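Me: Please take a close look at the aromatic side chains in this model, and then set them in the context of the rest of the protein.

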Amino acid sequence: MAKKLTSKQYADVATGVRLSSHEKLCAERMNNILKSIDEMKKEIKSLRQDVSMGKGGLKVILAVGTLIVGIIGFFQFKWNMY
């Protein structure tokens, strides 16, 4: 035979069920948040590498440009003297 529960016992059981389902939901949310954070870390690392590569490329372009302008300026200055 099924044991009859008092209203206090029923409330305690119902509260336990609600808490366990709430904890399960919170654990799932936390796992989703952790996955999102890991994905963002990977994306940030990739973006940092792209920016670093861009900075290096820009420095090379500026150095080559400066060299070309210096050579052109040298010949322009030399030809203007004669």
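The aromatic pair and its setting

Reply: In this predicted model, Phe74 has a relative accessible area of 48%, so Phe74 is classed as partly exposed, since that class lies between the 20% below which a residue is buried and the 50% above which a residue is exposed. Phe75 falls in the partly exposed class as well, with a relative accessibility of 40%. A search through the whole structure returns 1 aromatic pair. The pair consists of Phe74 and Phe75, whose ring centres lie 5.6 Å apart and whose planes meet at 65°, and it is therefore edge-to-face, given that the centres must lie within 6.5 Å for a pair and the planes over 60 degrees apart for this class.

As for the setting, the secondary structure amounts to 1 helix and 0 strands, and helix H1 covers residues 7-81. Of the protein's 82 residues, 0% are counted as buried. The exposed area of the protein is about 8,100 Å², with 67% of that area supplied by carbon and sulfur atoms.

Elsewhere on the surface, a nonpolar patch of about 540 Å² is formed by Met30, Ile33, Leu34, Ile37, Met40 and Ile44. One of these residues, Met30, is placed in helix H1, and Met30 has a relative accessibility of 48%, so Met30 also counts as partly exposed.

Notes:
Residues numbered from 1 in each chain as written. Predicted model: local features only at pLDDT ≥ 70, side-chain atom pairs only at ≥ 80, totals over all residues. Heavy atoms only, no water. Phe/Tyr/Trp six-rings, centres within 6.5 Å; stacked < 30°, edge-to-face > 60°. Buried < 20%, exposed > 50% of the residue type's maximum accessible area, 1.4 Å probe, protein only. Helix = DSSP H or I, 4+ residues; strand = E, 2+ residues; numbered from the N terminus. Areas by Shrake-Rupley, 256 points an atom, 1.4 Å probe, with all protein chains shown as cover. Patch = residues over 30% accessible without salt bridge, like charges linked within 9 Å, V, L, I, M, F, W, Y side chains within 5 Å. Salt bridge = Lys/Arg side-chain N within 4 Å of Asp/Glu carboxyl O.
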